[in-house]
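Here's a quick tour of a protein model, written for someone who would rather look at side chains than read statistics. Keep the structure open while you read.

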Amino acid sequence: MKSVQQEVDERSNLTGTNKFELLLFRLGGDDQGEHNELFGINVFKIREIVAMPAITAVAGSPAHVLGVVNLRGQIIQVLDLPAIAGVKPKTGLNIMLVTEFARTTQAFAVESVEEIVRLDWSQVMSAEKSAGSGMVTSIARLEGEDGANGHGGRLAQVLDVETILRNLNPDSGPEISQQAVGARIQIKPGSVVLTADDSVVARALIEQGLDAMGLPYVMTKSGKEAWDQLNSIANAAEAEGKTVSDKVALVLTDLEMPEMDGFTLTRNIKKSARLANIPVVIHSSLSGTTNEEHVKNVGADAYVAKFSAEDLSNTLRRVLKQ
């Protein structure tokens, strides 16, 4: 039997292998109690899982906010995730998932928790072109009945919790102004910032921030798309007798992305003879010393937590030496 420390070490080391762990849970079904689908959240965003405690309703709360709980002295807002997803729990709201990401702590009420599965990011495909409200960022293909990963097995919808929070509180977004980001950042004429993020809300915020900084950019939606784009740019630069650094000033990447995560993207860049000199900044809602240590291990030039336009601007200036 593995010790607790072995479990912690294994989980921490996943970031170096393009793998991650997904907490699977159910929210409920339709009015007939059917179609009780699987949903998932990256384990690194989960602080703890507890049986549903007593909730104090708060007067004037937005729709789908159940109220607050006092969890060991911390007051935490609790969101009705089944109601947000438009389904009804058959057995009630039994479990509370306490999450930490993007500099915030909140809890989500769910019907039941199933298990934690270990997946490769190549098993996760973008859900952006699928029907939906944008609250599902990707679809994970779980191990099939025949034991073959990604073939004929269950599917889990990976929730974009950042988008869910932003949709519930649209006026609570970060300030993105010229005053917040400071003077325009100068980079080599003809070059761009290549950025990768699978969240619709995050991409919108990044675009607004880079626009305010005066930085031209190319936006991609996954680590694999960014990697392919970067190599295409490098090929074009070489055909013109230039280097990729003449075309790409910096790579700004998220960590959690379908097909290829930000750790793998960064490691690939830093191991490539023609790409290694490009600065890489990891921009993630995953926080904590463990993730920051892995950022150093894969060779990233900096880490900045989502989302503060001022912090992002300061980090880019430092990396670009301005």
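What follows covers a lysine, a pair of helices and two residues with positive phi.

Bear in mind that this is a predicted model.

**The lysine**

Start with Lys45, which sits in the loop between strand 2 (38-42) and strand 3 (46-51). Is Lys45 buried or exposed? Lys45 has a relative accessible area of 6%, and since buried means under 20%, Lys45 counts as buried. What does its side chain pair up with? Two glutamates: there's a polar contact with the side chain of Glu162 at 3.2 Å, and another with the side chain of Glu256 at 2.9 Å. Leaving aside residues up to four places away in sequence, Lys45 also touches Val98, Thr99, Glu100, Phe101, Val161, Ser285 and Leu286, among others.

**The helix pair**

Now move to helix 6 (residues 223-239) and helix 7 (residues 262-271), whose axes come within 9 Å and cross at roughly 20°. That angle makes helix 6 roughly parallel to helix 7. As for handedness, the crossing of helix 6 and helix 7 is right-handed.

Which residues meet there? From helix 6 you get Gly223, Ala226, Trp227 and Leu230, and from helix 7 come Leu265, Asn268 and Ile269. Sorted by class, the contact of helix 6 with helix 7 has five nonpolar residues, two polar ones and no charged ones.

Helix 7 is largely enclosed by the rest of the structure, because seven of its 10 residues are buried. The buried ones are Gly262, Phe263, Thr264, Leu265, Thr266, Arg267 and Ile269. Look at the start of helix 7 as well: there, a side-chain oxygen of Asp261 reaches to within 3.4 Å of the backbone nitrogen of Phe263.

**Positive phi outside glycine**

Two loop residues are worth a click. Arg72 has a positive phi without being a glycine, and Glu259 likewise has a positive phi although it is not a glycine. Here are their values:

| Residue | Phi | Loop | Relative accessible area |
|---|---|---|---|
| Arg72 | near 50° | between strand 4 (65-71) and strand 5 (74-80) | 64% |
| Glu259 | about 75° | between strand 14 (248-253) and helix 7 | 29% |

With its 64%, Arg72 counts as exposed, whereas Glu259 is partly exposed.

Methods: Residues are numbered from 1 along each chain as its sequence is written. This is a predicted model: local features need pLDDT of at least 70, side-chain atom pairs count only at pLDDT 80 or more; totals for chains, interfaces and linings use all residues. Side-chain values use heavy atoms; hydrogens and water are left out. Helices (H or I, at least four residues) and strands (E, at least two) are DSSP runs, numbered from the N terminus. Buried means under 20% relative accessible area, exposed over 50%, partly exposed in between (1.4 Å probe, protein chains only). A polar contact is a pair of N or O atoms within 3.5 Å; within protein, one must be able to donate a hydrogen and the other to accept it, and residues adjacent in sequence count only if both atoms are side-chain atoms. Contact means heavy atoms within 4.5 Å. Axes are lines fitted to C-alpha atoms, for helices over the stretch in contact, and angles run from 0 to 180 degrees between N-to-C directions. Angles under 35 degrees count as roughly parallel, over 145 as roughly antiparallel, 65 to 115 as roughly perpendicular and the rest as oblique. A crossing is left-handed if the near helix is turned anticlockwise from the far one by less than a right angle, and right-handed if clockwise. Ala, Val, Leu, Ile, Met, Phe, Trp, Tyr, Cys and Pro count as nonpolar, Asp, Glu, Lys and Arg as charged, and the others, Gly among them, as polar.
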